[in-house]
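Here is a set of short exercises to try with the model open beside you. Attempt each task first, then follow the solution step by step.

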Amino acid sequence: MIWAAIVVSAAGCYLLKLTGLSVPDRVLDVPYVRRLTDLIPVALLSALVAVQAFSTGQHLTVDARLAGLALAAVALMAKAPFLVVVIAAAATAALIRLVV
Amino acid sequence: MSVPRLTLERRQLVVDSLGVGVATGASGFSFGAIAVASGLTVWQACVLSLLVFSGASQFALVGVVAAGGAPLSGAATAILLGTRNTLYGFKLASLLHLGGVRRLAAAQLVIDESTAMALKPKDPRDAPLGFFTTGLSVFVLWNLATFVGGLAGNAIGDTATYGLDAAVPAAFLALVWPRLDSSRKQVTGAVAAGLALALVPNTRPGLPVIAAAGVAALAALRVGRRDRPSPTDDESTQVSGETGR
C-alpha cells in the first residue's frame, strides 16, 4: 500500500508541476483558484502540525511533543534554518522523556 | 558597460542559488530520518525524494502514514499540497521558454525554492540561471541527504526516545511559518488546525488533514469580500460618529 501511495503521489505531483509549465497562463488564472492555491498549503500544513503534535491514532494527547513544538516556534522566531528547528524540537522532546 | 555588471549579478545569483540549495538540500536528512522512523524503508524514502521531490508533499505522505492513516489518504494530502507547484509553473513558463524534453525534465525541478530564485533577478533573462542552479543543487543534495538520513534513522532504533516524533510537527511548523504572512492566512491556519483536531477522535487517521482543505476553499471565497465593521459592535462607536456627543 505504501508503494501504491508513493507511485500515486509521484505521478500526481509531477503532473501538477508539468501542467503549470505547459498550460497557457490564462486557463487557470482565475482569482479564486489563485487564492485557493495560496491557502491550501497553509490549511493542510497547519492541520498537519496540530494532528502530528496533539494526537496518537484517534486519541487527542498532550506529551513531550508539545515542548518540542514550542521550542521549534522559538527557533523559527529567531529565524533558525529548517534543520536546526527540526533537531531542536527532537532534542527537546528527547530530553524531557529522559528526565520525566 | 552593462556586461561586467551583468556578470557580477549573475555570479551573485549563482552564489545565492547554491546557498539555498545547500540549506534546503540538507533538510533532506531530516526527511530521510523521519520517513524511516515512520515505517518506510530507506528505498521508499529515496524514491519519494527522487520522484515526488517536493518537501511538504513528502513530509505529508510520511506524516499521515506515521499517524496510522491509509497510505492513499497520505497521497491525497501530498497531491493537494502539490497544487501550488502548478501556480509556480504558470509564472515560470514565460520566463524559462522550455519545450519538449527539456520542459519534461525541468518540470520536476519546479518547487518553492527554484521558483523564488527564478523570480528574484531583475533581468528576466537571468531567470533560467536562478531556476536551474537552485533546482539542480537542491535536487542533488536533497536526494543524497535523504539517503544518509534514512540510514541514520535506521541506526537510531527506538525513535520516540530520540524525539523524532516531535520532529515531524516541527517540520510542518517550519514549512508553514513563512506562509503565515497575512491575518487571513493565520486565521485559515488556526481554523484548519482546530477542525483537524476536532475530527481526530471521530474519523480515520489522515482524513482530518484532508478535511482542512475545505477551510482553504471557504477562506479563498471570503477573500474577495470587503470586511465591514459590524453595526452591533460596541467597539465601533468611534467609527459611527458618536464621538462628537
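**Exercise 1. Two helices from two chains**

Task: Work out how helix α3 of chain A and helix α5 of chain B are placed relative to each other in this predicted model.

Solution:
- Step 1. Find the two elements: α3 spans residues 31-54 of chain A, and α5 spans residues 71-96 of chain B.
- Step 2. Recall that two packed helices are described by the angle between their axes and the distance between the axes.
- Step 3. Here the angle is about 140 degrees and the axes are 9 Å apart.
- Step 4. Angles over 145 degrees would count as roughly antiparallel and those from 65 to 115 as roughly perpendicular. α3(A) and α5(B) are therefore oblique to each other.
- Step 5. Add the handedness: the crossing of α3(A) and α5(B) is left-handed.
- Step 6. List the residues that make the contact. α3(A) brings A:Arg34, A:Thr37, A:Ile40, A:Pro41 and A:Leu44, while α5(B) brings B:Thr77, B:Leu80, B:Leu81, B:Thr83, B:Arg84, B:Thr86 and B:Leu87.
- Step 7. Sort the residues of this contact by class: six are nonpolar, four polar and two charged.

**Exercise 2. The whole side of chain A that touches chain B**

Task: Describe the side of chain A that touches chain B, and say which element gives the most to it.

Solution:
- Step 1. Start with the totals: 65 residues of chain A are in contact with 86 residues of chain B.
- Step 2. Look for elements of chain A that each supply at least two residues to this side; they are α1 (2-22), α3, β2 (59-60), α4 (64-77) and α5 (82-99).
- Step 3. The biggest giver is α3(A), with 21 residues.
- Step 4. By class, this side of chain A has 44 nonpolar, 14 polar and seven charged residues.

**Exercise 3. Inside chain B**

Task: Summarise the secondary structure of chain B, then decide whether helix α2 of chain B is enclosed or open.

Solution:
- Step 1. Count the elements: chain B has eleven helices and zero strands.
- Step 2. Buried residues make up 51% of the 245 residues in the chain.
- Step 3. Turn to α2(B), residues 28-37: ten of its ten residues are buried, so this helix is largely enclosed by the rest of the structure. Among them are B:Phe29, B:Phe31, B:Ile34 and B:Val36.
- Step 4. See what comes afterwards: α2(B) is followed by B:Gly39, which has a positive phi, near 110 degrees.

**Exercise 4. One residue up close**

Task: Is B:Leu144 buried, partly exposed or exposed?

Solution:
- Step 1. Locate B:Leu144 in helix α8 of chain B, residues 127-156.
- Step 2. A buried residue needs 20 or more neighbours, and an exposed one has 12 or fewer.
- Step 3. B:Leu144 has 17 C-beta neighbours inside 10 Å, so it counts as partly exposed.
- Step 4. Look for a partner from elsewhere in the sequence: B:Cys46 is 98 residues away along the chain, yet the two C-alpha atoms are 8.5 Å apart in space.

**Exercise 5. How far to trust the model**

Task: Which part of chain B has pLDDT under 50?

Solution:
- Step 1. Begin with the averages: mean pLDDT is 91 for chain A and 86 for chain B.
- Step 2. Within chain A, α2(A) has the lowest mean of the elements, 65, and α4(A) the highest, 97.
- Step 3. In chain B, pLDDT stays under 50 over residues 226-245. Where pLDDT is low, the predicted coordinates should not be read in detail.
- Step 4. For the complex, the predictor gives an ipTM of 0.93 and a pTM of 0.82.

Note on methods: Residues are numbered from 1 along each chain as its sequence is written. Chains are lettered from A and ligands numbered from 1 in the order in which they are written. This is a predicted model: local features need pLDDT of at least 70, side-chain atom pairs count only at pLDDT 80 or more; totals for chains, interfaces and linings use all residues. Axes are lines fitted to C-alpha atoms, for helices over the stretch in contact, and angles run from 0 to 180 degrees between N-to-C directions. Helices (H or I, at least four residues) and strands (E, at least two) are DSSP runs, numbered from the N terminus. Angles under 35 degrees count as roughly parallel, over 145 as roughly antiparallel, 65 to 115 as roughly perpendicular and the rest as oblique. A crossing is left-handed if the near helix is turned anticlockwise from the far one by less than a right angle, and right-handed if clockwise. Two residues are in contact if their C-beta atoms, placed from the backbone, lie within 7 Å. Ala, Val, Leu, Ile, Met, Phe, Trp, Tyr, Cys and Pro count as nonpolar, Asp, Glu, Lys and Arg as charged, and the others, Gly among them, as polar. pLDDT is the predictor's confidence in each residue, from 0 to 100.
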